[in-house]
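Here are my comments on the structure you sent, set out as numbered points. Please read them with the sequence and the coordinates open beside you.

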Amino acid sequence: MSAMAPAADKNLTGLVAATFTPITALGEINLSVIGPYIDYLKEKQGVNSVFVNGTTGESMSLSVEERKILAEEWCQRAKGKMDQVIVHVGCLSLKDAQELARHAAQIEADGIAVIAPSFFKPSTADALKTFLREVASAAPTLPFYYYHIPSVTGVNVKARELIESIEKMIPSFRGVKFSGNDLMDLGQCISYSPPHWSVLYGMDEQLLGALAMGAHGAVGSTYNYMGCHFNKLISAFEKGDLVQARTIQFKMQELLSFAMKLGFDVGVNKQLMNELSGLDLGPPRLPLMTCATAHALAIKQKYNSIFPEE
């Protein structure tokens with residue numbers, strides 16, 4: 001192990017909320033909401049770790065400076081309250097990603113994650129691995145996670161192929177945020193992973209399948225407002241109560257299936273979070289469109305019918 005590798009890692013497990021970025025009506029970052037947002041996640045949802053500036057956080061629509069400001073606020077506000085703050089630093093530009101990685105180390109984030117660049121795409125696992133290595137080298141003391149989301153990036157390199165011998169190139173490598181439908185690839189990643197890695201699943205509607213494969217935790221957007229239910233799902237699974245775990249997963253699938261028919265994108269998801277949490281996270285940033293109020297209210301009504309106790 002390299003002397004520059006993380007000294008004392010905490011494995012990333014359990015539910016991790018992929019956070020929304022609070023934005024004002026005028027389109028500027030709204031830092032004032034982050035403190036109450038953290039309290040809501042912890043107290044109302046039982047979620048103790050966050051994944052900041054990812055897909056849900058509209059990172060690719062934010063400037064480098066905005067991403068720094070957000071990451072710093074999350075790290076400062078989460079201190080003493082959250083278990084881990086993982087900052088996504090992936091960019092189309094290697095230099096921008098390195099700058100964000102260095103900044104994440106300076107603000108004492110608990111780890112960084114990087115998505116595959118999606119304009120000029122790496123065509124092989126080696127090309128992608130080399131890109132990731134160059135980003136990780138800018139913050140060698142931080143645990144490093146590969147963010148695998150081929151449906152968005154169009155980079156169809158198997159995650160299992162990517163992680164082969166990856167610690168030789170990236171000593172700080174600590175796992176994968178696996179946001180894909182390929183359970184065989186997921187399973188092979190989990191079976192290959194040493195004990196100090198975490199493989200976290202990113203498809204909320206299929207979490208139970210990933211847990212059965214041995215996933216160590218999950219990163220997702222719906223854990224912002226459904227974390228309390230998914231914690232019950234994980235608890236039921238760990239107790240061997242598959243009937244209860246399935247019941248919760250099927251309810252969540254019913255909600256998402258309903259939402260998808262209305263066009264469930266980050267804008268709609270963000271408005272649903274506003275409605276269910278009472279927080280004012282504002283609109284999405286263009287090119288995402290603000291959700292029609294009627295759509296969000298219809299999904300909220302569906303949620304309340306499926307989870308009447310809430």
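1. Asp-182 and Lys-158 form a salt bridge in which the closest N and O atoms are 2.6 Å apart; please keep in mind, here and below, that this is a predicted model. The pair joins distant parts of the chain, since Asp-182 lies in the loop between β6 (173-178) and α8 (183-192), whereas Lys-158 lies in the loop between α5 (150-153) and α6 (159-163), 24 residues apart. Asp-182 is partly exposed, with a relative accessible area of 27%, and Lys-158 also counts as partly exposed, at 43%.

2. The structure holds twelve salt bridges, and a second one worth inspecting is that between the side chains of Glu-99 and Lys-68, with an N to O distance of 2.7 Å. Here the link runs from helix α3, which carries Glu-99, to helix α2 (residues 64-78), which carries Lys-68, and the two residues are 31 apart in the chain. Is each partner buried or exposed, or partly exposed? Glu-99 is partly exposed, at a relative accessible area of 30%, while Lys-68 counts as buried because its relative accessibility is 15%, and the cut-off for buried is under 20%.

3. Lys-10 and Asp-110 also meet through their side chains in a salt bridge, at 3.2 Å from N to O. Lys-10 sits in the segment before β1 (14-18) and Asp-110 in the loop between α3 and β4 (111-115), so that this pair links parts of the chain 100 residues apart. The relative accessible area of Lys-10 is 47%, which makes this residue partly exposed, and Asp-110, at 23%, falls into the partly exposed class as well. As a general reminder, side chains of opposite charge can pair when their charged atoms come close.

4. Turning to the strands, β8 (residues 217-220) directs Gly-217 and Val-219 one way and Ala-218 and Gly-220 the other way, and all of these residues are buried. β8 pairs in the parallel sense with β1 over four bridges, and it also pairs in the parallel sense with β7 (residues 198-201), over two bridges. Ala-218 appears in both pairings: Leu-15 stands opposite Ala-218, and Ala-218 is likewise the bridge partner of Tyr-201. β7, helix α9 (residues 207-213) and β8 together make a right-handed β-α-β unit.

5. On the cysteines, a search of the whole structure finds zero disulfides. Cys-91 is in no disulfide, and the nearest cysteine sulfur, which belongs to Cys-75, is 16 Å away; the cut-off for a disulfide is a pair of cysteine sulfur atoms within 2.5 Å. Cys-91 counts as buried, with a relative accessibility of 6%, and Cys-228 counts as buried too, at 14%.

6. Finally, which residues make the nonpolar surface patch? Leu-92, Phe-119 and Phe-120 make this patch, and its area is about 420 Å². Leu-92 has its place in the loop between β3 (84-88) and α3 (94-106), and this residue is exposed, with a relative accessible area of 52%.

How values were computed: Residues numbered from 1 in each chain as written. Predicted model: local features only at pLDDT ≥ 70, side-chain atom pairs only at ≥ 80, totals over all residues. Heavy atoms only, no water. Patch = residues over 30% accessible without salt bridge, like charges linked within 9 Å, V, L, I, M, F, W, Y side chains within 5 Å. Areas by Shrake-Rupley, 256 points an atom, 1.4 Å probe, with all protein chains shown as cover. Salt bridge = Lys/Arg side-chain N within 4 Å of Asp/Glu carboxyl O. Buried < 20%, exposed > 50% of the residue type's maximum accessible area, 1.4 Å probe, protein only. Pairing = 2+ DSSP bridges. Right-handed = clockwise from strand over helix to strand, strands pointing away.
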